[in-house]
Each structure stands twice: as structure tokens, then as C-alpha cells.
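Dear colleague,

Please find below the structure I agreed to hand over, together with its sequence. My notes on what was found in it follow directly after.

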Amino acid sequence: MRVPRPFVRSLVTAAVFGAALSGCTGHARTGTDNPDAALRVVTTTEILADLVRQVGGDRVQVDSIVPPGGDPHSYEPTPADADRVSKADITFTNHLLLEEHALIKTVDSNAREGTPNVSLAEASETYGANVIPLVEDVGLDVLWLGLRVRGEGEARGATRSSDVLLSATDVQGPGELVAYLTESLGQPDIFFNSVDGLSAKDTTSLPPAAHTHLNWAFTKPGVYRLSLEAKLRNPGGTTAPVGTGTFTFAVGVDPHTVAKPGDTVLDDGHTDLTVNIDTGTMSAFTDLRSEGRTQEEIPPGDVVIDVPNRALEKVPGGKRFSFLGQPGAEIYQLPQAVLGKHVHGEIDPHLWQDVQNTKSYVQLIRDTLKKEDPDGAERYTAGSRRYEAELDEVDAYVRRQIAAIPADRRQLITTHDAFGYLADAYGMTVAGFVVPNPAQEPSADDVKKLSRTIGNLKVPAVFMEPNLVQRATVLSQVAKDQGVEVCMLYGDAFDQHTRHYTDMMRHNADELRGCLGGTKK
């Protein structure tokens, strides 16, 4: 999620869809007791729970861990959630790093041995689902630098519940280095801080095949060398080292005077300091030399990371940023660009925004239910067949509604990067998304840049998701100033008005046509 905010240059880039209506068939809502059910099923999200009910009907008892209106990207599970998982005959997750890692670990550590624990987004590709890369177009005028884990680590015993620990073990340079993440409510979370020396606390963790975004701040100009160490911690197992590397930063100085012959100067695009848990090596995983088309691993000793003079920022006021120095003091900073904890992988996990992908989910759910409850096989086959026909109708409806929008108006600016599949499947263009920091007022420059984006595209409407309204103050303000309509779409979650996937997609199609096509009453 990209965001304009003070202290990290404002920007707007990439996003699309989601919204509401009413009912379908199938068992009632999450948590309704069904003592006669043949199977107890737990899903991570309400969208997945609805799909299971459509296939299984009253033969299944389904509970969603994430509650109505909850965000699967950030939901923290409770002991009651773990108890529900432990009693389930089947658990369904979306995964591809959609869900908060703590939620996935709760599912994996509490699912009973021998019961199916199915990751729908990952397994549905064998049923014909179309997966697309999670494209990140930053639009910054400096390097976007993060942390990443590559590989699955199967030879090292890793699972999706494993943790890869990344620790800063040494920093050499004229000043101090601080790497931190600004969470969605503006609270900083410090990863590495050399001010008080480095210790075990200068460690962060990522799941396998994930990456995250953060701010990199330096207190003085000059050459810095940061040494990182990676360890793999498996569930119930020991922690073992998997790689080390030292990275060079040229802060406020010409990076070419620092680089050796043959070195690559990283000064644009997207790069992650990366550990590969398959090969046990560290690298700079960068798209610089391919102009964003592909990424490659370059050894730490063969790169120089440019932190130019235009990266100068002033430390904001307030106690929470005091770890960076006195308010108003100048620091050099590569900005986070994406507000909030934003751990994800290389594949967009929001497959259900393409209705045909949802059919693949349904077929996988059907076969899983049939295997665990052979006596209900006919019921599950009939439920799947009925619901797939309904999904075909919804797919055609979404296609007709979006086709009715003038081609030059099929542009989306919204609150959340969750709609690449909808855009890809139905001919939309992701024009921008913004998830602003609700703890701070937008600056005049933030408003000006977002206003220019909306004005240049001449979009008649921008879109919010009901569960992200509190993060949309900048979008609301600019829309009001520009005389642009604000409309509602649903992405990751239902609310009290919409309880079914097919209703959600029909509503989204209606809202898009009405708000972008000028037919909304």
C-alpha cells in the first residue's frame, strides 16, 4: 500500500476494486452452530467461508477466523481461534502471504495431524487458476530498498510457518544507521539501530518467500557498510544460520567514487537486501539493470547503494521519532514508500477478484470435501456444479458492466492494492492507490500531487473499501477539492451489508459502471 505522508515523500501508484449487496444459498453466517454437520471447516477469511458453504451447504459447519470487516493482512489471532482450528476437520487458507504470518502459524500449529490444511491460492493453479505477479510501480526519485527472503528452504526443513531472522551485526560509517518501518497508524517499528550499538534486538523476521518495505536513515554523509546475518527458525526446531553479507551505502557522496570496477550502483527502481534460503547466500535482489522487467541477484560485494543528497529529510517533531535525532535535524533517508506492515511475496494473492479464478477455488474445495466425507460426494458435486454456473453468470455480468464504461474512464484510484486480477480479467487500468497515515494531516504537497493525478486522468470517481475508510483521509480530501465522487468497493472483506461473494462482485460491477460510467443515481 503506497501512501503520501510527511517524512516519506508522497506518492501515488497502482490499485483497483471491491463492494456490497445481499444473499445467496448455503449455510448461514460464520459461527452458526450446525450440530448435524458431517464436517467442521475453518477458513481464514469470510470470503473463503462463503465459498465452502456454497459447495457444502448444511453438510458443513464453517467458521471464519477473520471477523466481518476484518483485514486478513493484519488480523492477529486469539486463543479462541487456535481452539477452533484444533477442532476442525479441514482448514482452508488463501496464503501466498495474504494473511498475517501469525495467523498462518496459528493454523499450521493447531491443525490436527492428518487433516487437510489447504492453501487455495497456491493449489488452485492446478485447477486452471491464472496467477499474476504483484507489480510494484513506486514512482520515487530514489531507490526503493527493502528486505526479502527468497526460496522455500525445503532442504533445510522450512515450512510456511518458519521464520527467517535477519540481524544487523555490524555498521561501519561516519554516523548512525537506522532501519525502521512506519506502521499504518504512524508508529515506528525499529528493525536496526546502530545508535546504542548492535545486539540481538537489532533483528527482524520474515516468512519464507516474503519481502517487506522500510525506511533507511543515515545521520551523516559518507560511506557506510552494513553486515547482515540470516538464520532459519523452523517450528519446534532449532535455529540455524543460512547466510551473511555486507552491503555498501554511499550517503550524500558520489557512489561511482566508492564503487570498484565492475560494481553496480543501485540508484533507482526496487531492490531488496535478500537471503536465499535454498542456496544459503545473501544478495541485492534488484530490477535496476532490467528496467523493472525482471529481477536478479547480485552479490553484496558487487553493489553500492546510492543514498543521494536529494534524500535529505528533516526529523519530524514528536517523541516517537526521537530515535532519529533532534526535531528538525537533517538526515538522509531512503523512504519506505508503502505505509504500514506490508509483508508479501512475488505473486498477487487476491485471485478471487477474477471470478474464473474463484471457480478454481470452488473445484478444489469440492474435491477436498469429497475426500474427507465420501458419503457427501454427490452433495458436494451438485453444490459445486450449481455454484459454478452461478459464477459464470456473475463473470458475464461483471464483464458486461465494465464493458459499458467508456474506455477512457476505466481508470481506478482506490485505497488498497488488491485489484490487479480484476483489472487484468475485465479490461480495467490500475491508475493509483493511496493508503494515507490517519495519524497525521496530509501536507500541502501531498494534496497537490494526488490532485494532479486525478486531474490529469480526469477520473469522475475514486474508490474506498469499507474496512479501510479510516485510512482514506487524503483520498477523501482531494476528491472533495476536485469535485470527484467517492464510491465504495469491497476487496478483502465483507461487512454487515454484504455476506456473499457473488453479491460482492455484482455490487462492484454496478459501482464501477455507475461511478465511472456516469449512470449512478
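A salt bridge is here a side-chain nitrogen of Lys or Arg within 4 Å of a carboxyl oxygen of Asp or Glu. By this rule, Asp 373 and Arg 59 form a salt bridge, with 2.5 Å between the closest N and O atoms. Please bear in mind throughout that the model is a predicted one.

**The chain as a whole**

The chain has 521 residues, and 58% of them count as buried. Its secondary structure comes to 10 helices and 24 strands. Among the contacts with a separation of 6 or more, 76% are between residues 24 or more positions apart. The accessible surface is about 20,100 Å², and carbon and sulfur atoms account for 48% of that area.

**Salt bridges**

How many salt bridges does the count come to? The total is 17 salt bridges. Several of them deserve a closer description.

I return to the pair introduced above, Asp 373 and Arg 59, which are joined by a salt bridge. This pair links distant parts of the chain, for the two residues are 314 residues apart. Asp 373 is in the loop between helix H5 (355-372) and H6, while Arg 59 is in the loop between helix H1 (46-56) and strand S2 (60-64). Are the two partners buried or exposed, or something in between? Asp 373 has a relative accessible area of 7%, so it is buried. Arg 59, with 28% relative accessibility, counts as partly exposed.

A second pair is Arg 112 and Asp 89, whose side chains meet in a salt bridge at 3.1 Å, N to O. Arg 112 lies in the loop between helix H3 (101-110) and strand S4 (117-119), and Asp 89 in the loop between helix H2 (79-86) and strand S3 (90-93); the salt bridge therefore ties together parts that are 23 residues apart in sequence. Arg 112 is partly exposed because its relative accessibility is 36%. Asp 89 is also partly exposed, at 22%.

In a third pair, the side chains of Glu 297 and Arg 150 meet at 2.7 Å, N to O, in a salt bridge. Here too distant parts of the chain are linked: Glu 297 is in strand S17 (residues 296-298) and Arg 150 in strand S5, 147 residues apart. Glu 297 has 28% relative accessibility and so counts as partly exposed. Arg 150, at 24%, counts as partly exposed as well.

Beyond these pairs, Lys 105, Asp 163 and Arg 233 are joined into one network by salt bridges that share partners.

**A charged patch on the surface**

Which residues form a negative surface patch? They are Glu 122, Glu 152, Glu 154 and Asp 278. One of them, Glu 152, is found in the loop between strand S5 (144-150) and strand S6 (163-172). Its relative accessibility of 46% is why Glu 152 counts as partly exposed.

**A buried acidic residue**

Asp 395 is part of helix H6 (residues 377-403). With 9% relative accessibility, Asp 395 counts as buried, because the limit for that class is under 20%. Apart from its neighbours within four places in sequence, Asp 395 is in contact with Val 355, Gln 356 and Tyr 426.

**Backbone angles and a strand residue**

Two residues other than glycine have a positive phi, and I describe them in turn. His 95 has a phi of about 60 degrees. The residue is located in the loop between S3 and H3, and His 95 is buried because its relative accessible area is 6%. For Ala 209, phi is near 60 degrees. Ala 209 belongs to the loop between strand S9 (203-206) and strand S10 (211-213). At 28% relative accessibility, Ala 209 counts as partly exposed.

Finally, Phe 285 sits in strand S16 (residues 281-286). Is Phe 285 buried or exposed? Phe 285 counts as buried, with 3% relative accessibility. Between the C-alpha atoms of Phe 285 and His 270 the separation is 8.4 Å, and the two residues are 15 residues apart along the chain.

With kind regards

Technical notes:
Residues numbered from 1 in each chain as written. Predicted model: local features only at pLDDT ≥ 70, side-chain atom pairs only at ≥ 80, totals over all residues. Heavy atoms only, no water. Patch = residues over 30% accessible without salt bridge, like charges linked within 9 Å, V, L, I, M, F, W, Y side chains within 5 Å. Areas by Shrake-Rupley, 256 points an atom, 1.4 Å probe, with all protein chains shown as cover. Lys, Arg positive; Asp, Glu negative; His and termini not counted. Charge placed at Lys NZ, Arg CZ, Asp CG, Glu CD. Helix = DSSP H or I, 4+ residues; strand = E, 2+ residues; numbered from the N terminus. Buried < 20%, exposed > 50% of the residue type's maximum accessible area, 1.4 Å probe, protein only. Contact = heavy atoms within 4.5 Å.
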